Amino acid sequence: MNKIWLIVQREFLNRVQKKSFLVATILLPLIFPAIMAVLVYVAIEQKKNATKEVVLYIDESSYFKPDTAKFLFSPFNGSLEDGKRAFEQSEDFGLLYIPKFELSEPKGITLYTKINPSPTDISDIEKIFESHIRDLKMVELNVDQSLLDKLKTNVNVATVKISEGGQEKSSDSKVLFGVGMAGGILMYMFIFIYGAQIMQGIIEEKMSKVVEVIVSSVRPFQLMMGKILGLASVGLLQFLIWIVLISSLTTAVLGLFGLQSPSQEMMQMNPQAQQVMAESQGSLQFLNTLNQIPWTYVVSSFLFYFIGGYLLYGALFAAVGSAVDSPAEAQQFMFPITIPMLISYFGLFTFILEDPHGTVSVWLSIIPLTSPIAMMGRIGFGVPDWQLALSMLLLAGGFILTTWFAARIYRVGILMHGTKVSYSVLAKWFMQKG
Amino acid sequence: MNALEVNGITKRYANHLALDQVSISVPERSIYGLLGPNGAGKTTLIRIINQIINSDSGEIILFGERLKPDHIGVIGYLPEERGLYKKLKVGEQLIYLARLKGLSHHDAVVKIKLWLEKFEIKDWWHKKVEDLSKGMAQKVQFISTVMHEPRLIILDEPFSGFDPVNAQLITEEILQLRQRGSTIIFSTHRMETVEDLCDHIALINKSKRILEGTKKAVKAQYKTNTYSVLHRGAFQSLESQYELLKQEKAEDDYFQSLIQMKSAASPNQLIQDLTRITEVHSFVEKVPTMSEIFITLVKGETHE
């Protein structure tokens, strides 16, 4: 135990004393908002300055009512064949052919283009037709426009979550969405960056041959655990520094611009939030939700899942590092480790955040290999205690299992040089006695 | 007392037997040569003694006690594949390694300073290992092996990578360490090392120990009762108890003959018999070198 502690110290100091650690720790929290701001800025500028593309159209139906919000529609008089020829020689974006059709059955509308149009381009054009046809149908049915306007109502459903104590908390699921996304991405990055560092460190020890000297003083298991725990402490330190940096920055900005500043700051950084703000009642609720999120709960579960997930994957990264002679060789064994990470990462965007209480989301947040990222996506929305407890228990168990598994490969792998390692060789090492 | 007793150690890997019932006894304060061709199992045996890997069966007694985890502080091990943390400074590195061996921080610093002074490399304390030459790094590595004053020092090919001056320095240190009570095990191919330094040897070939004993006894065992004689005047035949293996003309009418005694006759007898037929100028018993014994045994095994 004492020796693991010595190794933890050594690993910790090795990393923390490096300049790169200082740079990454201080710059990263500043770089991310900066990148986001630049992206949003560029996107807005692009929209502003974009010259509209020209779309030729041949309208045989007389039902087309050009809407110039996105495209410049210019009529072409002539047959479709002539139109195609003219289009081919032009610089125009597309040729829209509208044959005669019944209002009840709009068929045969075709867009000819030189490059594949984006889905938004197509849906924009479809919408032009849909809205105009709808208007025409209204007229056909004798529905008055003023009557129609009267029918329109704007409803904003306020969501209030009643917690078990009976306390009511208003929440905005869009904010929770953002929190879940940020947590999940951060978890993914943390596990990968620190896991890769474990692997790197082990490969270095193996390549420099120092490992044989070390294992003549400590058990291979102690060396492996010391390394994993040492890097974990570096990761935690980095995370804590970030929290302190971000919260003090926020406070500083708050002090500078008065109370409204945090919301403005958010608006610049987060397009999601921007949308929320645009809605009249939204802005108050947005702030409300941010305040309502139990930050200690979210941050402390993040810490638990970070430590658990990191240890779970860290052991696997250690096993891979011990088996190979160079980082390039490690690639082949990275694949099976990456798969569950990617599943939960893409799951986060496709369904976990959309439907945090769906069956698949729940199971992904319980299964140890995927739970760190999946649970981060769900945590803001509120997770039943039993699910959280089961997930945490399984994560702890999973980490013990992967560590045991990794240690068996590690103890053999670190002393092997120049062996061509395949999965069957790994299996042999795993089965090998002491 | 024996410093180390290895009794019937067997180690099997998935597809081959690395050690087959190997036993050796290393007397205290001896310099013990562990010999054998590549792949014989020497490194496996050393790793088992260092508790880096476990044996399948057999037992190891170190200074009268069964091998236990605490013993790592008693052993100093210099692996054949040398290695240090490249990015660490010499001082930090040695302190770390010493503390892993169980020394307190204070003791580690005191002892390391002593060794650096001894090797006149005190100013290396703040140098990173990657900035040292290979020979320099080897010195640091040697210090890391012996700084905790181990009672048993295991050196795997200790002289590879040293220039003759440094090799001499290390040799002297090894002899001094023995003087102060340490037992030293060499694992080596370099027969001149064995010839010069070792007093006991064991030969491992194909996972088995095929020879063990004091250097003197081993040599006596393998001597062929052959004598090299420089004499004036040729002779063609000898009495039947001798065999003339070779006779070469030296210079003038001097000849060099190689004579093997078949029966247990004494060298004096041979001299007497020779003086009757020729004029003897020099008479030397041809003792086999360790290298010759090594080659004979290993080749003999291979030819079986």
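## Contacts and make-up of chain A

Take the contacts in chain A between residues at least 6 apart in sequence: 69% of them join residues at least 24 apart. Keep in mind that this is a predicted model. As for what chain A is built from, its secondary structure comes to 17 helices and six strands.

Chain A has 434 residues, and 43% of them are buried. What about its outside? The accessible surface is about 23600 Å², and carbon and sulfur atoms account for 65% of that.

## Aromatic rings

Searching the whole structure turns up 27 aromatic pairs over all chains. One of them is F190(A) with Y194(A), a tilted pair with 5.7 Å centre to centre and 55° between the planes. These two residues sit four apart in helix α6 (residues 173-207) of chain A, so about one helical turn separates them. Are they buried or exposed? F190(A) has 2% relative accessibility, so it counts as buried, and Y194(A) is buried too, with a relative accessible area of 3%.

F190(A) also pairs with F239(A), this time edge-to-face, at 5.8 Å centre to centre and 80° between the planes. That pair links distant parts of the chain, since F190(A) belongs to helix α6 and F239(A) to helix α8 of chain A, 49 residues apart. F239(A) counts as buried because its relative accessibility is 6%, and the cut-off for buried is under 20%.

Now put the pairs together. Ring pairs join F190(A), Y194(A) and F239(A) with W242(A), F302(A), F306(A) and Y310(A) into a cluster.

## A pocket lined by both chains

Let's move on to the second largest pocket, with its volume of about 1100 Å³. It has 44 lining residues, and the closest to its centre are L415(A) and M416(A), along with Y13(B), T44(B) and R47(B).

Which elements supply at least two residues each of this lining? From chain A there are α8 (220-257), α16 (385-413) and α17 (423-431), while chain B brings β2 (17-27) and α1 (42-49). Helix α8 of chain A, by the way, is also where F239(A) from the ring cluster sits. Sorted by class, the pocket lining has 17 nonpolar, 15 polar and 12 charged residues.

## Two cavities

How many cavities of 30 Å³ or more are there? The count comes to two. The largest cavity holds about 60 Å³ of space. Its lining takes V213(A), S216(A) and S217(A) from chain A, and Y77(B), L97(B), K101(B), S144(B), T145(B) and H148(B) from chain B. In terms of class, that makes three nonpolar residues, five polar and one charged.

The second largest cavity has a volume of about 40 Å³. Here the lining consists of K209(A), V211(A), E212(A), I414(A), L415(A) and H417(A), plus R47(B) and E81(B). Four of these lining residues are charged, three are nonpolar and one is polar. You've met two of the names before: L415(A) and R47(B) are also among the residues closest to the centre of the second largest pocket.

## A histidine in chain B

Finally, have a look at H200(B), which lies in strand β9 (residues 200-205) of chain B. Its relative accessibility is 18%, so H200(B) counts as buried, given that the limit is under 20%.

What does H200(B) touch, leaving aside its neighbours within four places in sequence? Its contacts are P27(B), S30(B), I31(B), Y32(B) and G33(B), and then G213(B), T214(B) and K215(B).

Notes: Residues are numbered from 1 along each chain as its sequence is written. Chains are lettered from A and ligands numbered from 1 in the order in which they are written. This is a predicted model: local features need pLDDT of at least 70, side-chain atom pairs count only at pLDDT 80 or more; totals for chains, interfaces and linings use all residues. Side-chain values use heavy atoms; hydrogens and water are left out. Buried means under 20% relative accessible area, exposed over 50%, partly exposed in between (1.4 Å probe, protein chains only). Contact means heavy atoms within 4.5 Å. Accessible areas come from the Shrake-Rupley method with a 1.4 Å probe; for residues, only the protein chains shown count as cover. On a 1 Å grid over the protein atoms alone, a cavity is a set of points where a 1.4 Å probe fits but cannot get out, and a pocket is an open set with protein on both sides within 12 Å along at least five of seven lines; lining residues have an atom within 4 Å of a point. Grid points are joined across faces, edges and corners, and a volume is the space filled by probe spheres set on the points. Ala, Val, Leu, Ile, Met, Phe, Trp, Tyr, Cys and Pro count as nonpolar, Asp, Glu, Lys and Arg as charged, and the others, Gly among them, as polar. Rings of Phe, Tyr and Trp (its six-membered ring) pair if their centres lie within 6.5 Å; planes under 30 degrees apart count as stacked, over 60 as edge-to-face and the rest as tilted.
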